[in-house]
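Colleague: I am new to this structure and would like to learn how to read it. Could we look at it together?

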Amino acid sequence: MSRIAYFGPQGTFTEQAARVLAGGEELVPAETVRLAMTAVREGEADAACVPIENSVEGVVPATLDALSESTPLVAVAEAILPVRFSVLTRPGNTEIRTVASHPHALAQVREWLEANLPDAHPVASSSTSAAAVGVLQGDFDAAVCAPVAVEHYDLEVLATEVADVTDAATRFLLVRPPGELPAPTGADRTSVVAAAANRTGTLAELLTELATRGINLTRLDARPTRNNFGEYRFFIDFEGHVAEPRILDALTALRRQCRALRFLGSHPRADGTRTTVEPGFGNDDFVEAAVWADAVRKGDLA
Ligand SMILES: O=C(O)C(=O)C[C@]1(C(=O)O)C=C[C@@H](O)C=C1
């Protein structure tokens, strides 16, 4: 049985995602996203489940930073879960002056809190379940949690189905050390983090390498390198799998253009959206062109 570290403690949305992605395995909570990945890097866990992006609040910066530091980890699977919260308090407590949760969760219920608990101060906690633990310990009056949290913590439900955007969703990754990649399915996502040279037009050049191969982007984020103010790393997700000739061709080009390029994985998309292939940009087109060029090089064709 494998050990899967997840961003905990028990009862987080990430734990639910870990059950979807690695249900039969041993799940071990970690206090932060970074510590979940450290457990894998130090050999204490085989894989880690972490949140990557939310449809309302965007990327989870801690995940991007932890993916680009230390030894490489690659994503081998993803899950997308609908996100609707429960608000929990201590049994019998009626005075709510503080409401705690993960900053991504608080951002998704801002309007609900203003309308329903206008006098309560929002307080950031390390995760939604850490907020529930804080309520139990008397640190806060209420926690904005995943609905399953009430099964783990002896708290009372104040409200359920809480969400400013009713169809909000979060995408989670299962990451592990580099190894055999999942097979391509025709509905895959590839991710890289690129440190571009600091000169005019470099980001445009990177994106052009993808555009000229007919590759559709699914996400683009920038995070500071932390060393030089104003210098960024670009996290680029796009449709396709590194096992496809056109994707491999694009990666090779990106490698030439970047100061540093880290491959973050190719895996099936949770939403099953099939890769867009424009006419003339199919894998067969790339293979055929390479065969033609090789024949020209050998003097067999002109
Ligand atoms: O704290 C949790 O329950 C998490 O799993 C983290 C997290 C996030 O990072 O976005 C996951 C889903 C929700 O969007 C809110 C919080």
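What follows is a conversation about the ligand site and about some features of the backbone.

Modeller: Please keep in mind from the start that this is a predicted model.

Colleague: How many residues surround the ligand, and which are the closest?

Modeller: A residue belongs to this group if one of its heavy atoms lies within 4 Å of the ligand. Here 14 residues surround the ligand, and the closest are F13, T14, Q108, T128 and T170.

Colleague: Which polar atoms lie by the oxygen atoms of the ligand?

Modeller: For such a pair, the cut-off to keep in mind is 3.5 Å between N or O atoms. In F13 the partner belongs to the backbone, where an N or O atom lies 3.0 Å from an oxygen atom of the ligand. In T14 it is an N or O atom of the side chain, at 2.5 Å from a ligand oxygen, and a polar side-chain atom of T128 lies 2.4 Å from an oxygen atom of the ligand.

Colleague: How much of the ligand's accessible area does the protein cover?

Modeller: The ligand on its own has 360 Å² of accessible area, and the protein covers 100% of it. The ligand sits in the largest cavity, and the elements that give two or more residues to the shell around it are α1 (13–22), β3 (47–54) and α4 (103–108).

Colleague: What classes of residue make up the shell around the ligand?

Modeller: The shell has nine polar and five nonpolar residues, with no charged residues.

Colleague: Why does the ligand lie between domain 1 and domain 2?

Modeller: The ligand lies between them because domain 1 (1–82 + 172–179) and domain 2 (84–162) both give residues to the shell around it.

Colleague: Where is there a cis peptide bond, and which residues other than glycine have a positive phi?

Modeller: The cis peptide bond joins G8 and P9, with omega about 5°, and P9 is found in the loop between β1 (3–7) and α1. Phi is positive in S70, near 50°, a residue in the loop between α3 (61–68) and β5 (74–82). Phi is also positive in E161, near 55°, and E161 lies in strand β10 (residues 156–162).

How values were computed:
Residues are numbered from 1 along each chain as its sequence is written. This is a predicted model: local features need pLDDT of at least 70, side-chain atom pairs count only at pLDDT 80 or more; totals for chains, interfaces and linings use all residues. Side-chain values use heavy atoms; hydrogens and water are left out. A polar contact is a pair of N or O atoms within 3.5 Å; within protein, one must be able to donate a hydrogen and the other to accept it, and residues adjacent in sequence count only if both atoms are side-chain atoms. Accessible areas come from the Shrake-Rupley method with a 1.4 Å probe; for residues, only the protein chains shown count as cover. On a 1 Å grid over the protein atoms alone, a cavity is a set of points where a 1.4 Å probe fits but cannot get out, and a pocket is an open set with protein on both sides within 12 Å along at least five of seven lines; lining residues have an atom within 4 Å of a point. A molecule sits in a cavity or pocket if more than half of its atoms lie within 2 Å of its grid points. Helices (H or I, at least four residues) and strands (E, at least two) are DSSP runs, numbered from the N terminus. Ala, Val, Leu, Ile, Met, Phe, Trp, Tyr, Cys and Pro count as nonpolar, Asp, Glu, Lys and Arg as charged, and the others, Gly among them, as polar. Domain bounds come from an automatic or database domain assignment.
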